[in-house]
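Open the model in your viewer and keep the sequence panel beside it. Each stop below gives a selection and then what is there.

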Amino acid sequence: MEKCQTCKKDESTIRYGEERFCLTCYNTLMTEELGVEATSYPKSLSIRDGLGEVHRYRLRKRLDPIGVIMEAEEQVEEGGYFFQLSGDIDCDQEKLLMKLLAKAEKGMAEAYVEEKLFEDETTYHGLRNERLAGRIEWNPAAEEIPLLVVDGKPYMWEQIGKLLMHYEGFQLKMEILDPGEEIEWNKDK
Ligand SMILES: [Zn+2]
């Protein structure tokens, strides 16, 4: 990873024009340009999923000409939940954080995949509620075929395919959403 071109200390994570910045230096630059400061916020915290399991998150806040962008990224080696939310540049940043945490809680409330047992006691992946949502990720093992992160865990495309074969003949609906949007279902299950 390249170093930030301003402080020459931290890793650069943001490209702006020709330059590369760390989050802190980028926000400082945006404060100069936009006249808005990033208020302080917890850099990490834990949230429980619908099954009571604790997930550790790193939080990030980025000021941007289009608004304030907040992200919660689960700290795990592979996959992990990721939630993003943006507000107007002059929004209440405390409220934005609260909304992001509410979005994360809601996004983790339902587990889609569960391990089921065949009669001979071997296990297979099945759908808990006949539906599934997740995130499309780059697959280092097969660049043209994505990984799908479901319930914060990475699944190979073939695993998702196998899981769907339990529903041969059924219909399927698929919809792509922007990272900042919220996944909503017609019915609660
Ligand atoms: Zn920097």
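Select residues 113-117 and 123-127. These are strand 7 and strand 8, an antiparallel pair held over five bridges. Strands here are DSSP runs of E of at least two residues, helices are runs of H or I of at least four, and both are numbered from the N terminus. Two strands pair if DSSP finds at least two bridges between them. Now pick Glu 115: its bridge partner in strand 8 is His 125. Five residues lie between the strands of this hairpin, and Glu 121 takes a positive phi near 75 degrees.

A word on the model before moving on. It is predicted: local features need pLDDT of at least 70, side-chain atom pairs count only at pLDDT 80 or more, and totals for chains, interfaces and linings use all residues. Residues are numbered from 1 along each chain as its sequence is written.

Next, select 135-137, 147-150 and 153-155. Strands 9, 10 and 11 form an open sheet in the order 9-10-11, with antiparallel pairing. Strand 9 and strand 11 stand at the edges with a single partner strand each, so one side of each is left without a neighbour in the sheet. From one strand to the next, the twist averages 35 degrees; axes are lines fitted to C-alpha atoms, and angles run from 0 to 180 degrees between N-to-C directions. Strand 9 pairs with strand 10 over three bridges. One residue pair to display is Ile 136 with its bridge partner in strand 10, Leu 148.

Move to residues 44-48 and 54-64. Strand 3 and strand 4 pair in the antiparallel sense over five bridges. Ile 47 stands opposite His 55 of strand 4. In this hairpin, with five residues between the strands, Gly 52 takes a positive phi near 90 degrees. How many of the five residues of strand 3 are buried? The count is zero, and the strand is hardly covered. Buried means 20 or more other C-beta atoms within 10 Å of the residue's own, exposed means 12 or fewer, and partly exposed lies in between; C-beta atoms are placed from the backbone.

Select Phe 170, in the segment after helix 3 (157-164). Is Phe 170 buried or exposed? Phe 170 is exposed, because 8 other C-beta atoms lie within 10 Å. Add Leu 59: the two are 111 residues apart in sequence and 40 Å apart in space, C-alpha to C-alpha.

Colour by domain. The assignment, from an automatic or database source, gives domain 1 (1-35), domain 2 (40-109) and domain 3 (113-167). The centres of domain 2 and domain 3, over C-alpha atoms, are 25 Å apart. Seven residues from domain 2 and five residues from domain 3 make the contact, where contact means C-beta atoms, placed from the backbone, within 7 Å.

Select 3-37. The UniProt annotation, from an unreviewed entry, reads "domain: DUF7685" for this span; such annotations may be inferred rather than shown by experiment. The end C-alpha atoms lie 23 Å apart, and the span is 34% helix and 17% strand.

Finally, show the whole chain. It has three helices and 11 strands. The C-alpha trace spans about 65 × 35 × 30 Å along its principal axes. Of its 189 residues, 15% count as buried. Among contacts between residues at least 6 apart in sequence, 33% join residues at least 24 apart.

Key:
Two residues are in contact if their C-beta atoms, placed from the backbone, lie within 7 Å.
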